[in-house]
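Biologist: I have the entry open. Could we go through its architecture together?

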Amino acid sequence: MNITLFEVQKDCSPALSAVVNPLLARIYAQRGVDDPHQLEYGLQYLTPYHSLAGMDTAVSILAQAIARQQHIVIVGDFDCDGATSTSLAYLALGAMGAHKVSFLVPSRFTYGYGLSAPLVDAAMEMAPEVIVTVDNGIASHEGVERAHALGLQVIVTDHHLAGDTLPAADAIVNPNQPDCEFPHKSTAGVGVIFYVMSALRHHLQQQGWFDKAGIAAPNMAQFLDLVALGTVADLVPLDHNNRILVAQGMARIRRGLARPGIVALVQQAGRQLDQLQATDLGFVLAPRLNAAGRLDDMSVGIECLLTSDAGRAQQLAQQLDQLNQQRRTIEGEMQEQATVIVSQLQAAETAELPPCICLFQPDWHEGVVGIVASRIKERWHRPSLIFAQGEGGLLKGSARSIPGFHIRDALAAVDVKNPGLIARFGGHAMAAGLSLAADRLDEFKQALNDYAKSHLDPALLARSWRTDGTLNAADMQLQQAQMLAAAGPWGQGFEAPTFHGDFDLVQQRIVGQKHLKLVVAETHTGKRLDAICFNVDLNVWPTNYKRARLVYGLDVNEFRGRQSLQLIVEAIEPLKNY
(Lines give C-alpha, C1' and ligand atoms only; values in the text may rest on other atoms or scores of the structure.)
Protein backbone atom coordinates (compact mmCIF):
# COMPACT_ATOMS: atom_id res chain seq x y z
CA MET A 1 0.00 0.00 0.00
CA ASN A 2 1.25 3.45 -0.89
CA ILE A 3 -0.11 6.14 1.40
CA THR A 4 -0.79 9.39 -0.40
CA LEU A 5 -1.50 12.14 2.09
CA PHE A 6 -3.88 14.97 1.32
CA GLU A 7 -3.46 17.50 4.08
CA VAL A 8 -5.57 20.64 3.97
CA GLN A 9 -4.38 23.58 6.01
CA LYS A 10 -6.79 26.42 6.63
CA ASP A 11 -6.20 29.41 8.82
CA CYS A 12 -8.34 29.55 11.94
CA SER A 13 -10.52 32.57 12.32
CA PRO A 14 -9.69 34.77 15.34
CA ALA A 15 -13.22 34.22 16.66
CA LEU A 16 -12.72 30.44 16.61
CA SER A 17 -9.21 30.53 18.05
CA ALA A 18 -10.43 32.64 20.95
CA VAL A 19 -12.89 30.05 22.27
CA VAL A 20 -11.51 26.55 21.57
CA ASN A 21 -8.34 24.58 22.14
CA PRO A 22 -5.66 25.30 19.46
CA LEU A 23 -5.71 21.71 18.17
CA LEU A 24 -9.50 21.75 17.96
CA ALA A 25 -9.44 25.15 16.24
CA ARG A 26 -7.15 23.69 13.58
CA ILE A 27 -9.39 20.64 13.14
CA TYR A 28 -12.61 22.65 12.94
CA ALA A 29 -11.11 25.09 10.45
CA GLN A 30 -10.25 22.23 8.10
CA ARG A 31 -13.93 21.28 8.17
CA GLY A 32 -15.10 24.73 7.15
CA VAL A 33 -15.97 26.01 10.62
CA ASP A 34 -15.00 29.64 11.01
CA ASP A 35 -17.72 30.87 13.37
CA PRO A 36 -18.20 29.55 16.93
CA HIS A 37 -21.96 29.58 16.30
CA GLN A 38 -21.40 26.61 13.97
CA LEU A 39 -20.50 24.65 17.09
CA GLU A 40 -23.70 25.56 18.91
CA TYR A 41 -25.91 22.48 19.07
CA GLY A 42 -28.93 23.71 21.01
CA LEU A 43 -32.34 23.07 19.47
CA GLN A 44 -32.90 26.83 19.18
CA TYR A 45 -30.30 26.83 16.40
CA LEU A 46 -32.19 24.25 14.32
CA THR A 47 -33.38 25.65 10.98
CA PRO A 48 -37.20 26.03 11.07
CA TYR A 49 -39.40 23.87 8.86
CA HIS A 50 -41.23 26.72 7.11
CA SER A 51 -39.11 26.70 3.94
CA LEU A 52 -39.77 23.02 3.24
CA ALA A 53 -41.94 22.90 0.12
CA GLY A 54 -45.21 21.00 0.48
CA MET A 55 -45.23 21.22 4.27
CA ASP A 56 -48.47 23.19 4.67
CA THR A 57 -50.44 20.78 2.47
CA ALA A 58 -49.00 17.71 4.17
CA VAL A 59 -49.82 19.07 7.62
CA SER A 60 -53.35 20.00 6.58
CA ILE A 61 -54.05 16.48 5.28
CA LEU A 62 -52.63 14.86 8.42
CA ALA A 63 -54.52 17.18 10.77
CA GLN A 64 -57.75 16.40 8.97
CA ALA A 65 -57.01 12.66 9.09
CA ILE A 66 -56.47 12.85 12.85
CA ALA A 67 -59.62 14.88 13.41
CA ARG A 68 -61.66 12.38 11.38
CA GLN A 69 -59.80 9.38 12.83
CA GLN A 70 -58.97 8.14 9.36
CA HIS A 71 -56.68 5.16 9.04
CA ILE A 72 -53.12 6.37 8.31
CA VAL A 73 -50.73 3.76 6.95
CA ILE A 74 -47.02 4.56 7.01
CA VAL A 75 -45.01 2.96 4.21
CA GLY A 76 -41.34 2.74 5.14
CA ASP A 77 -38.07 1.43 3.81
CA PHE A 78 -36.12 -1.65 4.87
CA ASP A 79 -32.97 0.11 6.11
CA CYS A 80 -32.14 1.87 9.36
CA ASP A 81 -33.21 5.30 8.13
CA GLY A 82 -36.50 3.79 7.00
CA ALA A 83 -37.00 1.93 10.29
CA THR A 84 -36.36 4.99 12.43
CA SER A 85 -38.54 7.12 10.13
CA THR A 86 -41.39 4.63 10.34
CA SER A 87 -41.09 4.36 14.11
CA LEU A 88 -40.98 8.13 14.59
CA ALA A 89 -44.05 8.73 12.41
CA TYR A 90 -46.00 5.96 14.15
CA LEU A 91 -45.13 7.16 17.66
CA ALA A 92 -45.61 10.86 16.95
CA LEU A 93 -48.98 10.43 15.26
CA GLY A 94 -50.16 8.28 18.15
CA ALA A 95 -48.96 10.88 20.65
CA MET A 96 -50.98 13.52 18.78
CA GLY A 97 -54.24 11.61 19.09
CA ALA A 98 -54.30 9.49 15.93
CA HIS A 99 -55.91 6.22 17.03
CA LYS A 100 -55.79 4.41 13.68
CA VAL A 101 -52.15 4.25 12.59
CA SER A 102 -50.40 1.25 11.02
CA PHE A 103 -47.14 0.70 9.19
CA LEU A 104 -46.10 -1.41 6.24
CA VAL A 105 -42.56 -2.05 5.09
CA PRO A 106 -42.15 -3.88 1.78
CA SER A 107 -40.00 -6.98 1.72
CA ARG A 108 -37.03 -6.29 -0.52
CA PHE A 109 -37.43 -9.82 -1.89
CA THR A 110 -41.13 -9.54 -2.78
CA TYR A 111 -41.94 -5.92 -3.54
CA GLY A 112 -38.58 -4.19 -3.70
CA TYR A 113 -38.03 -0.61 -2.68
CA GLY A 114 -40.67 2.07 -2.35
CA LEU A 115 -44.40 2.51 -2.82
CA SER A 116 -45.07 0.22 -5.77
CA ALA A 117 -48.49 -0.49 -7.24
CA PRO A 118 -48.47 -4.12 -5.98
CA LEU A 119 -47.62 -2.86 -2.50
CA VAL A 120 -50.59 -0.49 -2.59
CA ASP A 121 -52.81 -3.40 -3.54
CA ALA A 122 -51.40 -5.41 -0.61
CA ALA A 123 -51.95 -2.44 1.71
CA MET A 124 -55.65 -2.39 0.85
CA GLU A 125 -56.11 -5.37 3.18
CA MET A 126 -55.45 -2.86 5.98
CA ALA A 127 -58.20 -0.52 4.68
CA PRO A 128 -56.05 2.62 4.63
CA GLU A 129 -57.42 6.07 3.90
CA VAL A 130 -54.17 8.05 3.93
CA ILE A 131 -50.74 6.70 2.98
CA VAL A 132 -47.62 8.45 4.24
CA THR A 133 -44.30 7.35 2.78
CA VAL A 134 -41.14 7.81 4.80
CA ASP A 135 -37.63 7.63 3.32
CA ASN A 136 -39.12 6.73 -0.07
CA GLY A 137 -41.77 7.75 -2.57
CA ILE A 138 -40.11 10.43 -4.69
CA ALA A 139 -39.89 7.96 -7.60
CA SER A 140 -43.14 6.08 -6.90
CA HIS A 141 -45.23 7.32 -9.81
CA GLU A 142 -47.10 4.05 -10.38
CA GLY A 143 -47.71 3.47 -6.68
CA VAL A 144 -49.18 6.94 -6.20
CA GLU A 145 -51.36 6.54 -9.27
CA ARG A 146 -52.64 3.20 -8.00
CA ALA A 147 -53.40 4.67 -4.57
CA HIS A 148 -55.36 7.52 -6.13
CA ALA A 149 -57.30 5.10 -8.30
CA LEU A 150 -58.33 3.34 -5.10
CA GLY A 151 -59.46 6.58 -3.50
CA LEU A 152 -56.51 7.08 -1.13
CA GLN A 153 -54.63 10.25 -0.31
CA VAL A 154 -50.83 10.04 -0.47
CA ILE A 155 -48.23 12.14 1.31
CA VAL A 156 -44.64 11.54 0.20
CA THR A 157 -41.86 12.34 2.66
CA ASP A 158 -38.44 11.53 1.29
CA HIS A 159 -34.92 12.85 0.87
CA HIS A 160 -33.71 10.99 -2.21
CA LEU A 161 -32.99 12.85 -5.43
CA ALA A 162 -35.98 13.47 -7.64
CA GLY A 163 -36.17 12.36 -11.25
CA ASP A 164 -37.30 14.43 -14.22
CA THR A 165 -40.91 14.28 -13.01
CA LEU A 166 -42.52 14.03 -9.59
CA PRO A 167 -45.25 11.58 -8.61
CA ALA A 168 -48.73 13.13 -8.45
CA ALA A 169 -48.96 12.82 -4.67
CA ASP A 170 -51.31 15.03 -2.68
CA ALA A 171 -48.27 16.47 -0.91
CA ILE A 172 -44.52 15.98 -1.23
CA VAL A 173 -42.04 17.02 1.45
CA ASN A 174 -38.50 16.45 0.25
CA PRO A 175 -35.69 19.02 0.51
CA ASN A 176 -34.27 17.66 -2.75
CA GLN A 177 -37.36 18.24 -4.86
CA PRO A 178 -37.18 21.10 -7.37
CA ASP A 179 -37.87 24.60 -6.03
CA CYS A 180 -37.62 23.60 -2.38
CA GLU A 181 -35.81 26.41 -0.57
CA PHE A 182 -34.92 24.43 2.54
CA PRO A 183 -31.13 24.84 2.70
CA HIS A 184 -30.18 21.49 4.24
CA LYS A 185 -30.33 19.11 1.31
CA SER A 186 -28.48 16.40 3.26
CA THR A 187 -31.32 15.89 5.74
CA ALA A 188 -32.01 12.16 6.16
CA GLY A 189 -35.44 10.61 5.75
CA VAL A 190 -35.89 10.49 9.51
CA GLY A 191 -35.00 14.18 9.70
CA VAL A 192 -37.65 15.01 7.10
CA ILE A 193 -40.42 13.18 8.95
CA PHE A 194 -39.26 14.75 12.23
CA TYR A 195 -39.80 18.15 10.62
CA VAL A 196 -43.22 17.10 9.32
CA MET A 197 -44.31 15.85 12.74
CA SER A 198 -42.98 19.02 14.40
CA ALA A 199 -44.95 21.18 11.98
CA LEU A 200 -48.05 19.05 12.57
CA ARG A 201 -47.72 19.44 16.33
CA HIS A 202 -47.47 23.23 15.96
CA HIS A 203 -50.51 23.32 13.66
CA LEU A 204 -52.60 21.21 16.05
CA GLN A 205 -51.61 23.45 18.94
CA GLN A 206 -52.75 26.51 17.01
CA GLN A 207 -56.06 24.79 16.27
CA GLY A 208 -56.59 23.94 19.95
CA TRP A 209 -56.70 20.24 19.10
CA PHE A 210 -54.86 19.00 22.18
CA ASP A 211 -57.21 20.82 24.56
CA LYS A 212 -60.25 19.46 22.72
CA ALA A 213 -58.84 15.94 22.75
CA GLY A 214 -57.82 16.19 26.39
CA ILE A 215 -54.21 15.18 25.74
CA ALA A 216 -50.88 16.90 26.23
CA ALA A 217 -48.96 18.09 23.20
CA PRO A 218 -45.98 15.75 22.82
CA ASN A 219 -42.46 17.00 23.44
CA MET A 220 -40.79 16.37 20.09
CA ALA A 221 -37.38 16.06 21.75
CA GLN A 222 -38.38 12.56 22.88
CA PHE A 223 -37.95 11.38 19.27
CA LEU A 224 -34.44 12.73 18.76
CA ASP A 225 -32.78 9.42 19.66
CA LEU A 226 -34.46 7.96 16.56
CA VAL A 227 -33.43 10.97 14.48
CA ALA A 228 -29.80 10.66 15.54
CA LEU A 229 -29.69 6.93 14.80
CA GLY A 230 -31.28 7.21 11.35
CA THR A 231 -29.21 10.25 10.35
CA VAL A 232 -25.86 8.69 11.23
CA ALA A 233 -26.83 5.30 9.78
CA ASP A 234 -27.77 6.76 6.39
CA LEU A 235 -24.34 8.37 5.98
CA VAL A 236 -25.73 11.78 5.06
CA PRO A 237 -23.25 14.64 5.47
CA LEU A 238 -23.31 16.11 8.95
CA ASP A 239 -23.86 19.77 8.15
CA HIS A 240 -24.61 22.07 11.08
CA ASN A 241 -28.31 21.24 11.10
CA ASN A 242 -27.71 17.49 11.09
CA ARG A 243 -25.05 17.87 13.80
CA ILE A 244 -27.65 19.57 16.01
CA LEU A 245 -30.08 16.68 15.50
CA VAL A 246 -27.40 14.08 16.17
CA ALA A 247 -25.91 15.90 19.17
CA GLN A 248 -29.31 16.29 20.79
CA GLY A 249 -30.22 12.66 20.16
CA MET A 250 -26.86 11.45 21.48
CA ALA A 251 -27.31 13.52 24.63
CA ARG A 252 -30.63 11.81 25.31
CA ILE A 253 -29.16 8.37 24.70
CA ARG A 254 -26.20 8.99 27.02
CA ARG A 255 -28.55 10.23 29.75
CA GLY A 256 -30.56 6.99 29.53
CA LEU A 257 -33.57 8.69 27.95
CA ALA A 258 -33.59 6.66 24.74
CA ARG A 259 -36.28 4.27 23.60
CA PRO A 260 -35.98 0.85 25.32
CA GLY A 261 -35.13 -0.71 21.95
CA ILE A 262 -32.13 1.57 21.42
CA VAL A 263 -30.96 0.94 24.98
CA ALA A 264 -31.27 -2.81 24.39
CA LEU A 265 -29.29 -2.62 21.15
CA VAL A 266 -26.51 -0.71 22.91
CA GLN A 267 -26.42 -3.28 25.72
CA GLN A 268 -26.52 -6.20 23.27
CA ALA A 269 -23.43 -4.76 21.62
CA GLY A 270 -21.63 -4.56 24.95
CA ARG A 271 -21.37 -0.77 24.94
CA GLN A 272 -21.95 1.71 27.75
CA LEU A 273 -24.72 4.25 27.22
CA ASP A 274 -22.82 7.13 28.80
CA GLN A 275 -19.75 6.43 26.64
CA LEU A 276 -21.57 6.03 23.32
CA GLN A 277 -20.27 8.01 20.34
CA ALA A 278 -22.12 9.03 17.19
CA THR A 279 -19.96 6.67 15.13
CA ASP A 280 -21.25 3.78 17.28
CA LEU A 281 -24.73 4.45 15.91
CA GLY A 282 -23.47 3.77 12.39
CA PHE A 283 -21.07 0.89 13.07
CA VAL A 284 -22.69 -0.87 16.03
CA LEU A 285 -26.44 -0.22 16.20
CA ALA A 286 -27.36 0.30 12.55
CA PRO A 287 -25.95 -3.04 11.29
CA ARG A 288 -28.12 -4.90 13.78
CA LEU A 289 -31.26 -3.10 12.61
CA ASN A 290 -30.29 -3.35 8.96
CA ALA A 291 -29.77 -7.10 9.31
CA ALA A 292 -33.54 -7.53 9.75
CA GLY A 293 -34.26 -5.79 6.44
CA ARG A 294 -31.44 -7.59 4.66
CA LEU A 295 -32.23 -11.15 5.69
CA ASP A 296 -35.74 -11.23 7.08
CA ASP A 297 -38.38 -8.58 7.77
CA MET A 298 -37.62 -5.04 8.93
CA SER A 299 -40.79 -5.11 11.04
CA VAL A 300 -38.68 -6.94 13.63
CA GLY A 301 -36.38 -3.93 13.85
CA ILE A 302 -39.28 -1.48 13.91
CA GLU A 303 -40.97 -3.44 16.70
CA CYS A 304 -37.73 -3.21 18.67
CA LEU A 305 -37.75 0.59 18.27
CA LEU A 306 -41.47 0.89 19.07
CA THR A 307 -41.82 -1.25 22.15
CA SER A 308 -42.02 0.45 25.53
CA ASP A 309 -41.34 -2.82 27.34
CA ALA A 310 -37.68 -3.22 28.30
CA GLY A 311 -37.92 -7.02 28.48
CA ARG A 312 -39.44 -7.29 25.04
CA ALA A 313 -36.83 -4.88 23.71
CA GLN A 314 -34.06 -7.14 25.01
CA GLN A 315 -35.62 -10.16 23.29
CA LEU A 316 -35.90 -8.32 19.97
CA ALA A 317 -32.38 -6.89 20.28
CA GLN A 318 -31.05 -10.41 20.78
CA GLN A 319 -32.97 -11.60 17.73
CA LEU A 320 -31.51 -8.73 15.70
CA ASP A 321 -28.01 -9.58 16.94
CA GLN A 322 -28.45 -13.17 15.75
CA LEU A 323 -29.60 -11.94 12.34
CA ASN A 324 -26.57 -9.69 12.19
CA GLN A 325 -24.26 -12.62 12.87
CA GLN A 326 -25.90 -14.50 10.01
CA ARG A 327 -25.48 -11.44 7.81
CA ARG A 328 -21.77 -11.25 8.66
CA THR A 329 -21.28 -14.90 7.68
CA ILE A 330 -23.03 -14.42 4.35
CA GLU A 331 -21.17 -11.17 3.73
CA GLY A 332 -17.81 -12.78 4.46
CA GLU A 333 -18.41 -15.55 1.92
CA MET A 334 -19.61 -13.11 -0.74
CA GLN A 335 -16.75 -10.72 -0.10
CA GLU A 336 -14.22 -13.53 -0.43
CA GLN A 337 -15.72 -14.61 -3.74
CA ALA A 338 -15.88 -11.02 -5.00
CA THR A 339 -12.26 -10.45 -4.04
CA VAL A 340 -11.18 -13.49 -6.07
CA ILE A 341 -13.14 -12.26 -9.09
CA VAL A 342 -11.65 -8.77 -8.92
CA SER A 343 -8.14 -10.17 -8.50
CA GLN A 344 -8.64 -12.35 -11.57
CA LEU A 345 -10.05 -9.38 -13.47
CA GLN A 346 -7.07 -7.30 -12.43
CA ALA A 347 -4.68 -9.94 -13.70
CA ALA A 348 -6.58 -10.30 -16.98
CA GLU A 349 -6.51 -6.55 -17.49
CA THR A 350 -2.76 -6.41 -16.84
CA ALA A 351 -3.23 -4.76 -13.45
CA GLU A 352 -5.53 -2.07 -14.84
CA LEU A 353 -9.08 -2.41 -13.61
CA PRO A 354 -11.98 -0.68 -15.36
CA PRO A 355 -13.11 2.56 -13.69
CA CYS A 356 -16.24 0.89 -12.27
CA ILE A 357 -16.30 -2.64 -10.87
CA CYS A 358 -19.50 -4.57 -11.67
CA LEU A 359 -19.86 -8.10 -10.29
CA PHE A 360 -22.59 -10.75 -10.28
CA GLN A 361 -22.94 -14.29 -8.99
CA PRO A 362 -26.23 -16.22 -9.25
CA ASP A 363 -26.11 -17.42 -5.63
CA TRP A 364 -25.27 -14.06 -4.01
CA HIS A 365 -27.74 -12.78 -1.43
CA GLU A 366 -29.80 -9.82 -2.55
CA GLY A 367 -29.93 -8.36 0.95
CA VAL A 368 -26.15 -8.15 1.36
CA VAL A 369 -25.02 -6.73 -1.99
CA GLY A 370 -24.80 -3.18 -0.61
CA ILE A 371 -22.35 -4.11 2.12
CA VAL A 372 -20.18 -6.11 -0.27
CA ALA A 373 -20.20 -3.19 -2.71
CA SER A 374 -18.89 -1.00 0.11
CA ARG A 375 -16.12 -3.46 0.94
CA ILE A 376 -15.00 -3.80 -2.69
CA LYS A 377 -15.11 -0.03 -3.12
CA GLU A 378 -12.97 0.43 -0.01
CA ARG A 379 -10.37 -2.13 -1.07
CA TRP A 380 -9.95 -1.08 -4.70
CA HIS A 381 -11.10 2.53 -4.42
CA ARG A 382 -13.39 2.38 -7.41
CA PRO A 383 -17.14 2.79 -7.84
CA SER A 384 -18.44 -0.73 -7.21
CA LEU A 385 -21.74 -2.38 -8.14
CA ILE A 386 -22.69 -5.80 -6.83
CA PHE A 387 -25.65 -7.70 -8.32
CA ALA A 388 -27.76 -10.61 -7.13
CA GLN A 389 -30.54 -12.54 -8.80
CA GLY A 390 -33.94 -10.97 -8.19
CA GLU A 391 -37.39 -11.99 -9.30
CA GLY A 392 -38.80 -11.95 -12.83
CA GLY A 393 -35.44 -12.34 -14.53
CA LEU A 394 -34.15 -9.07 -13.08
CA LEU A 395 -30.85 -8.51 -11.34
CA LYS A 396 -30.95 -6.37 -8.21
CA GLY A 397 -27.85 -4.25 -7.79
CA SER A 398 -26.37 -1.96 -5.17
CA ALA A 399 -23.77 0.66 -6.00
CA ARG A 400 -21.23 2.49 -3.82
CA SER A 401 -19.09 5.28 -5.16
CA ILE A 402 -16.00 7.32 -4.34
CA PRO A 403 -15.82 11.09 -3.76
CA GLY A 404 -16.01 12.97 -7.03
CA PHE A 405 -18.17 10.49 -8.95
CA HIS A 406 -21.93 10.95 -8.48
CA ILE A 407 -23.22 7.42 -8.95
CA ARG A 408 -26.91 8.31 -9.16
CA ASP A 409 -26.18 10.90 -11.86
CA ALA A 410 -24.06 8.33 -13.67
CA LEU A 411 -26.96 5.87 -13.73
CA ALA A 412 -29.28 8.62 -14.94
CA ALA A 413 -26.90 9.45 -17.79
CA VAL A 414 -26.63 5.79 -18.80
CA ASP A 415 -30.42 5.51 -18.69
CA VAL A 416 -30.88 8.53 -20.96
CA LYS A 417 -28.36 7.26 -23.50
CA ASN A 418 -29.64 3.68 -23.35
CA PRO A 419 -33.43 3.77 -22.93
CA GLY A 420 -34.81 0.60 -21.35
CA LEU A 421 -31.42 -0.74 -20.30
CA ILE A 422 -32.03 -0.01 -16.60
CA ALA A 423 -35.43 -1.12 -15.35
CA ARG A 424 -35.30 1.05 -12.25
CA PHE A 425 -32.76 3.10 -10.27
CA GLY A 426 -32.46 5.71 -7.55
CA GLY A 427 -30.18 6.94 -4.82
CA HIS A 428 -27.56 9.52 -3.85
CA ALA A 429 -24.14 10.71 -4.90
CA MET A 430 -22.37 7.93 -2.99
CA ALA A 431 -24.91 5.10 -3.02
CA ALA A 432 -27.63 3.87 -5.36
CA GLY A 433 -29.77 0.88 -6.19
CA LEU A 434 -30.88 -0.43 -9.56
CA SER A 435 -32.55 -3.29 -11.39
CA LEU A 436 -31.88 -4.56 -14.91
CA ALA A 437 -32.48 -7.62 -17.05
CA ALA A 438 -29.99 -10.42 -16.43
CA ASP A 439 -29.14 -10.75 -20.13
CA ARG A 440 -28.18 -7.08 -20.35
CA LEU A 441 -25.56 -6.96 -17.58
CA ASP A 442 -22.58 -6.91 -19.97
CA GLU A 443 -24.22 -4.13 -21.97
CA PHE A 444 -24.74 -2.17 -18.77
CA LYS A 445 -21.12 -2.66 -17.66
CA GLN A 446 -19.89 -1.30 -20.96
CA ALA A 447 -22.25 1.67 -20.90
CA LEU A 448 -21.37 2.61 -17.33
CA ASN A 449 -17.63 2.35 -17.88
CA ASP A 450 -17.87 4.32 -21.13
CA TYR A 451 -19.54 7.09 -19.12
CA ALA A 452 -16.95 6.81 -16.33
CA LYS A 453 -14.03 7.06 -18.75
CA SER A 454 -15.23 10.47 -19.86
CA HIS A 455 -16.55 11.76 -16.52
CA LEU A 456 -14.35 10.20 -13.85
CA ASP A 457 -10.97 11.88 -13.34
CA PRO A 458 -8.37 9.07 -13.20
CA ALA A 459 -6.65 10.95 -10.39
CA LEU A 460 -9.66 10.21 -8.19
CA LEU A 461 -8.92 6.48 -8.49
CA ALA A 462 -5.63 6.93 -6.62
CA ARG A 463 -6.40 6.42 -2.96
CA SER A 464 -5.45 9.28 -0.70
CA TRP A 465 -6.03 10.09 2.94
CA ARG A 466 -6.99 13.54 4.05
CA THR A 467 -5.51 14.17 7.48
CA ASP A 468 -5.34 16.93 10.04
CA GLY A 469 -1.57 16.92 9.86
CA THR A 470 0.93 15.55 12.35
CA LEU A 471 0.86 15.48 16.12
CA ASN A 472 3.73 16.07 18.48
CA ALA A 473 4.29 13.75 21.42
CA ALA A 474 2.70 16.23 23.84
CA ASP A 475 -0.62 15.89 21.98
CA MET A 476 -0.57 12.09 22.09
CA GLN A 477 -2.30 11.94 25.44
CA LEU A 478 -5.44 10.33 26.81
CA GLN A 479 -6.81 13.79 27.66
CA GLN A 480 -6.50 14.86 24.03
CA ALA A 481 -8.35 11.74 22.87
CA GLN A 482 -11.11 12.45 25.38
CA MET A 483 -11.33 16.06 24.20
CA LEU A 484 -11.62 15.03 20.55
CA ALA A 485 -14.29 12.42 21.34
CA ALA A 486 -16.36 15.07 23.11
CA ALA A 487 -15.88 17.62 20.35
CA GLY A 488 -18.21 15.87 17.87
CA PRO A 489 -20.54 14.63 16.69
CA TRP A 490 -18.23 13.35 13.99
CA GLY A 491 -19.48 11.54 10.92
CA GLN A 492 -19.97 11.71 7.17
CA GLY A 493 -18.78 15.05 5.82
CA PHE A 494 -17.54 16.06 9.28
CA GLU A 495 -15.06 13.26 9.76
CA ALA A 496 -13.41 12.41 13.03
CA PRO A 497 -9.89 13.85 13.25
CA THR A 498 -7.09 11.80 11.71
CA PHE A 499 -3.36 12.44 11.73
CA HIS A 500 -0.29 10.96 10.08
CA GLY A 501 3.25 10.20 11.08
CA ASP A 502 6.15 7.76 10.92
CA PHE A 503 6.62 5.40 13.88
CA ASP A 504 8.98 2.67 15.02
CA LEU A 505 7.34 -0.75 15.19
CA VAL A 506 8.06 -2.17 18.64
CA GLN A 507 5.56 -5.05 18.61
CA GLN A 508 3.13 -6.44 16.05
CA ARG A 509 0.80 -9.43 16.17
CA ILE A 510 -2.46 -10.58 14.58
CA VAL A 511 -5.55 -10.73 16.80
CA GLY A 512 -9.09 -11.77 15.90
CA GLN A 513 -7.74 -13.52 12.75
CA LYS A 514 -7.28 -10.33 10.68
CA HIS A 515 -6.56 -7.36 12.95
CA LEU A 516 -3.04 -6.03 13.59
CA LYS A 517 -2.24 -5.16 17.22
CA LEU A 518 0.76 -2.88 17.54
CA VAL A 519 3.02 -1.13 19.96
CA VAL A 520 4.64 1.81 18.20
CA ALA A 521 7.16 4.39 19.32
CA GLU A 522 7.00 8.10 18.51
CA THR A 523 10.08 9.09 16.53
CA HIS A 524 11.49 12.01 18.50
CA THR A 525 10.77 11.01 22.09
CA GLY A 526 10.51 7.24 21.87
CA LYS A 527 7.14 7.38 23.62
CA ARG A 528 5.38 4.03 23.23
CA LEU A 529 1.74 3.84 22.19
CA ASP A 530 -0.76 1.02 21.74
CA ALA A 531 -2.37 0.84 18.29
CA ILE A 532 -4.68 -1.39 16.30
CA CYS A 533 -5.37 -1.64 12.57
CA PHE A 534 -8.47 -3.58 11.52
CA ASN A 535 -8.71 -5.95 8.53
CA VAL A 536 -5.09 -5.81 7.43
CA ASP A 537 -3.62 -7.61 4.42
CA LEU A 538 -2.30 -10.83 5.94
CA ASN A 539 0.09 -11.20 2.99
CA VAL A 540 1.97 -8.16 4.30
CA TRP A 541 1.43 -8.15 8.07
CA PRO A 542 3.16 -8.86 10.37
CA THR A 543 6.26 -7.58 8.57
CA ASN A 544 10.00 -7.65 9.20
CA TYR A 545 10.28 -3.91 8.63
CA LYS A 546 10.94 -1.81 11.69
CA ARG A 547 9.15 1.43 10.80
CA ALA A 548 5.82 2.34 9.25
CA ARG A 549 3.83 5.35 8.14
CA LEU A 550 0.44 5.55 9.83
CA VAL A 551 -2.79 7.41 9.26
CA TYR A 552 -4.50 7.24 12.62
CA GLY A 553 -6.97 8.69 15.09
CA LEU A 554 -6.74 9.03 18.85
CA ASP A 555 -9.07 6.68 20.69
CA VAL A 556 -10.06 6.11 24.29
CA ASN A 557 -9.70 2.40 25.00
CA GLU A 558 -11.64 1.20 28.02
CA PHE A 559 -10.81 -2.17 29.59
CA ARG A 560 -11.96 -3.35 33.02
CA GLY A 561 -12.87 0.17 34.05
CA ARG A 562 -9.49 1.61 33.07
CA GLN A 563 -9.10 4.10 30.24
CA SER A 564 -5.98 4.35 28.11
CA LEU A 565 -4.88 5.96 24.86
CA GLN A 566 -4.97 3.86 21.71
CA LEU A 567 -4.27 4.75 18.10
CA ILE A 568 -6.89 3.54 15.62
CA VAL A 569 -4.90 3.02 12.44
CA GLU A 570 -6.81 3.66 9.21
CA ALA A 571 -3.87 3.08 6.88
CA ILE A 572 -0.42 1.61 7.41
CA GLU A 573 2.56 1.39 5.07
CA PRO A 574 5.88 -0.27 5.96
CA LEU A 575 8.89 1.96 5.40
CA LYS A 576 11.41 -0.21 3.65
CA ASN A 577 14.45 2.05 4.01
CA TYR A 578 14.75 1.29 7.71
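Biologist: Which residues of α13 are buried?
Modeller: This is a predicted model. In α13, the buried residues are Val300, Gly301, Ile302, Cys304, Leu305 and Leu306.

Biologist: How many residues does that helix have, and is it mostly covered or mostly open?
Modeller: Helix α13 spans residues 299-306 and is mostly covered, with six of its eight residues buried.

Biologist: Turning to the interior, how many residues are in the largest nonpolar core?
Modeller: That core has 145 residues, and Leu88, Leu93, Met197 and Leu200 are those with the most contacts inside it. Helix α7, residues 189-206, gives the most to this core, namely 10 residues.

Biologist: What is Leu88 in contact with, leaving aside its neighbours within four places in sequence?
Modeller: Leu88 is then in contact with Val190, Ile193, Phe194, Met197, Phe223, Leu226 and Val227. Another core, of 25 residues, lies apart from the largest one and has Ile402, Phe405, Leu448 and Leu456 among its members.

Biologist: Now the sheet of five strands: what is the strand order?
Modeller: The sheet is open, its pairing is parallel, and the order is β3-β2-β4-β5-β6. At the edges stand β3 (101-104) and β6 (171-173); each has a single partner strand, so one side of each is left without a neighbour in the sheet. On average, neighbouring strands are turned by 20° against each other, direction ignored.

Biologist: How many bridges join β2 to β3?
Modeller: Four bridges join strand β2, residues 72-75, to β3. Val73 has Ser102 of β3 as its bridge partner.

Biologist: Which strands does α3 lie across?
Modeller: Helix α3, residues 55-67, lies across β2, β4, β5 and β6, and runs at about 120° to β6.

Definitions and conventions:
Residues are numbered from 1 along each chain as its sequence is written. This is a predicted model: local features need pLDDT of at least 70, side-chain atom pairs count only at pLDDT 80 or more; totals for chains, interfaces and linings use all residues. Side-chain values use heavy atoms; hydrogens and water are left out. Buried means under 20% relative accessible area, exposed over 50%, partly exposed in between (1.4 Å probe, protein chains only). Helices (H or I, at least four residues) and strands (E, at least two) are DSSP runs, numbered from the N terminus. A nonpolar core is a set of buried Ala, Val, Leu, Ile, Met, Phe, Trp, Tyr and Cys residues joined through side-chain atoms within 4.5 Å. Contact means heavy atoms within 4.5 Å. Two strands pair if DSSP finds at least two bridges between them. Axes are lines fitted to C-alpha atoms, for helices over the stretch in contact, and angles run from 0 to 180 degrees between N-to-C directions.
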